[in-house]
Amino acid sequence: MNTVIFDNDGLLIDSERIIHRALLWAGETMGVADMKSTALAMVGRTQASARALCAEKYGADFDYDRLCGLKHEYIDGVLPDGYFPARYGALETARRLKENGFHIAVASSSRRGYVEEELKYTGLYDLFEVILCGDNVTKSKPDPQIFLIAAERLGVSPADCYVLEDSCNGIRAAYAAGMKPIMVPDLLPPDDEMKRLAVFIADDLTAAGEYILGQNP
């Protein structure tokens, strides 16, 4: 096992809690029913997949663009410098894995421009050999496409990859790719399915890194 693939939002970047609150506020402003479950279901999805989810749940005429506009209005109001901070242990864990000879990559469902800006702001950008984003794939997690492309670009076998994820869809995608999923929970605690699919449930990224290094002395 010589490769670690990281998710971005909710894993490297401490964004999901603010995004979740922003979606709840946007949904309330628009009078949308049951926005809480919808917001949770959107975690780990590409924009296209999230749009399709809302259309399926609320109808084809649902104003997804307005929902996103209100979401960004909320986020802009609570982030003084416009960027989310890194999650605890993100920079240290990525550096330590790289220093120990691991290939490391990012595979995020978010758009590339946003992901690159966040990684540069947190000092993480230059550590990664490959950065794949929602713009680069046609299928959203839980489909394994993004992880399989990441392994291909790194020139490694999927079986040689750990995947660090906070979302259920991300864990499902990593498992379907034939990789070793490690869950670092953020919004949702792991349920029985996640405990079955993940090789390890970590309290934080530091613990996830320690587990990987312990498995590969």
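**Exercise 1. Find the strands that helix 10 lies across, and place them in the sheet.**

Step 1. Helix 10 (residues 205-215) lies across strand 1, strand 4, strand 5 and strand 6, and runs at about 170 degrees to strand 4. The model is a predicted one.

Step 2. The sheet is open and has six strands in the order 3-2-1-4-5-6, with parallel pairing.

Step 3. Strand 3 (130-132) and strand 6 (200-201) each have a single partner strand, so they stand at the edges and one side of each has no neighbour in the sheet.

Step 4. Strand 1 (residues 3-6) pairs with strand 4 in the parallel sense over four bridges. Ile5 stands opposite Val163 in strand 4.

Step 5. Helix 7 also packs on the sheet, where it touches strand 1, strand 2 (103-107), strand 3 and strand 4. The direction of helix 7 makes about 155 degrees with that of strand 3.

**Exercise 2. List the buried residues of helix 8 and state what covers them.**

Step 1. In helix 8 (residues 168-176), the buried residues are Cys168, Asn169, Gly170, Ile171, Ala173 and Ala174.

Step 2. The cover over these residues includes helix 2 (35-41), helix 7 (145-154), strand 4 (161-165), strand 5 (180-183) and helix 9 (192-197).

Step 3. Just after helix 8 comes Gly178, with a positive phi of about 80 degrees.

**Exercise 3. Classify the aromatic pair Trp25 and Tyr74, then the pair Tyr83 and Tyr121.**

Step 1. Two rings pair if their centres lie within 6.5 Å; planes under 30 degrees apart count as stacked, over 60 as edge-to-face and the rest as tilted. By this rule there are six aromatic pairs.

Step 2. The ring centres of Trp25 and Tyr74 are 6.0 Å apart and the planes stand at 40 degrees, so this pair is tilted. The pair links distant parts of the chain: Trp25 is in helix 1 (residues 16-30) and Tyr74 in helix 4 (residues 64-78), 49 residues apart.

Step 3. Trp25 is partly exposed, at 30% relative accessibility, and Tyr74 is partly exposed with a relative accessible area of 22%.

Step 4. Tyr83 and Tyr121 are 4.6 Å apart centre to centre, with 10 degrees between the planes, and form a stacked pair. Tyr83 is in the loop between helix 4 and helix 5 (90-99), and Tyr121 is in helix 6 (residues 112-122), 38 residues apart.

Step 5. Tyr83 has a relative accessible area of 28% and is partly exposed; Tyr121, at 40%, is partly exposed.

**Exercise 4. Identify the ring that Lys120 lies over.**

Solution. Lys120 lies over the face of Tyr125, 4.9 Å from the ring centre.

Definitions and conventions:
Residues are numbered from 1 along each chain as its sequence is written. This is a predicted model: local features need pLDDT of at least 70, side-chain atom pairs count only at pLDDT 80 or more; totals for chains, interfaces and linings use all residues. Side-chain values use heavy atoms; hydrogens and water are left out. Helices (H or I, at least four residues) and strands (E, at least two) are DSSP runs, numbered from the N terminus. Buried means under 20% relative accessible area, exposed over 50%, partly exposed in between (1.4 Å probe, protein chains only). A charge sits over a ring if NZ of Lys or CZ of Arg is within 6 Å of the ring centre and within 35 degrees of the ring normal. Contact means heavy atoms within 4.5 Å. Two strands pair if DSSP finds at least two bridges between them. Axes are lines fitted to C-alpha atoms, for helices over the stretch in contact, and angles run from 0 to 180 degrees between N-to-C directions.
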